[in-house]
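Work through the exercises below with the sequence and the model open. Each task is followed by a solution in steps.

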Amino acid sequence: DAAELDAAELDAAELDAADPGPGELDAAGPDPDATAPSPTGHPSVDAVLRDITRVAGQPPGDQIPAFQAAHRTLQETLASIDEE
């Protein structure tokens, strides 16, 4: 039916308009409504979560060091839990 097709095309056009394209998220910066992560009880893990939240609105290249540090810290934390 033509009316259903038009509605479907309109829905797709609205989704495309609402969906940011590549690079648009970086330009927008961090979400002002984003909340700080809930504490985990592990100070090093909490610090990692804060760092990741802090860099969330930055370009991907600027996020890499924070994610590498997070990965390292989380591995060390998990290894120390296994040793206990």
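## Exercises on a predicted model

**Exercise 1. Find the sequence-distant contacts of Q63 and state whether Q63 is buried or exposed.**

Step 1. Leave aside the neighbours within four places in sequence; Q63 is then in contact with V55, A56 and Q58. Contact means heavy atoms within 4.5 Å.

Step 2. Place the residue: Q63 is in helix α4, residues 60-83. Helices (H or I, at least four residues) and strands (E, at least two) are DSSP runs, numbered from the N terminus.

Step 3. Q63 counts as buried because its relative accessibility is 16%. Buried means under 20% relative accessible area, exposed over 50%, and partly exposed in between, with a 1.4 Å probe and protein chains only.

Before going on, note the conventions. This is a predicted model, in which local features need pLDDT of at least 70 and side-chain atom pairs count only at pLDDT 80 or more, while totals for chains, interfaces and linings use all residues. Residues are numbered from 1 along each chain as its sequence is written, and side-chain values use heavy atoms, with hydrogens and water left out.

**Exercise 2. State what the confidence values are for the chain and its elements.**

Step 1. pLDDT is the predictor's confidence in each residue, from 0 to 100. The chain has a mean pLDDT of 75, with 56% of its residues at 70 or more.

Step 2. Compare the elements: the highest mean pLDDT, 92, belongs to helix α3 (residues 43-55), and the lowest, 48, to helix α2 (residues 24-28).

Step 3. Residues 19-27 have pLDDT below 50, and this stretch has 5 contacts in the model beyond near neighbours in sequence.

**Exercise 3. Describe the chain as a whole: which elements does it have, and what surface does it expose?**

Step 1. Count the elements: there are 4 helices and 0 strands. Along the sequence the pattern reads α-α-α-α.

Step 2. Of the 84 residues in the chain, 11% are buried.

Step 3. The exposed area is about 6500 Å², and carbon and sulfur atoms supply 58% of it. Accessible areas come from the Shrake-Rupley method with a 1.4 Å probe; for residues, only the protein chains shown count as cover.

**Exercise 4. Check the span of α3 and list its buried residues.**

Step 1. The expected span of a helix is 1.5 Å times one less than its number of residues.

Step 2. For the 13 residues of α3 this should give 18 Å, and the end C-alpha atoms are 19 Å apart, so the two agree.

Step 3. The buried residues in α3 are V45, D46, V48 and V55.

**Exercise 5. How many salt bridges does a search of the whole structure find, and why are D51 and R54 separated by about one helical turn?**

Step 1. The search finds 1 salt bridge. The criterion is a side-chain nitrogen of Lys or Arg within 4 Å of a carboxyl oxygen of Asp or Glu.

Step 2. D51 forms a salt bridge with R54, and their closest N and O atoms are 3.9 Å apart.

Step 3. D51 and R54 are 3 residues apart in helix α3, so about one helical turn separates them.

Step 4. D51 is partly exposed, at a relative accessible area of 36%, whereas R54 is exposed, at 51%.

**Exercise 6. Relate T77, T73, I64 and H42 to residues elsewhere in the sequence.**

Step 1. T77 is in helix α4. Outside its neighbours within four places in sequence, T77 contacts S44 and V45. T77 counts as buried because its relative accessibility is 11%.

Step 2. H42 lies in the loop between α2 and α3 and is partly exposed, at 36%. Its C-alpha atom and that of T77 are separated by 8.6 Å, with their positions 35 residues apart along the chain.

Step 3. T73 is also found in helix α4. Not counting residues up to four places away in sequence, T73 touches S44 and V48. T73 is partly exposed, with a relative accessible area of 21%. From T73 to A47, 26 residues apart in sequence, the C-alpha distance is 9.5 Å.

Step 4. I64, in helix α4, is partly exposed at 45%. I64 and I52 are 12 residues apart in sequence, and their C-alpha atoms are 9.9 Å apart in space.
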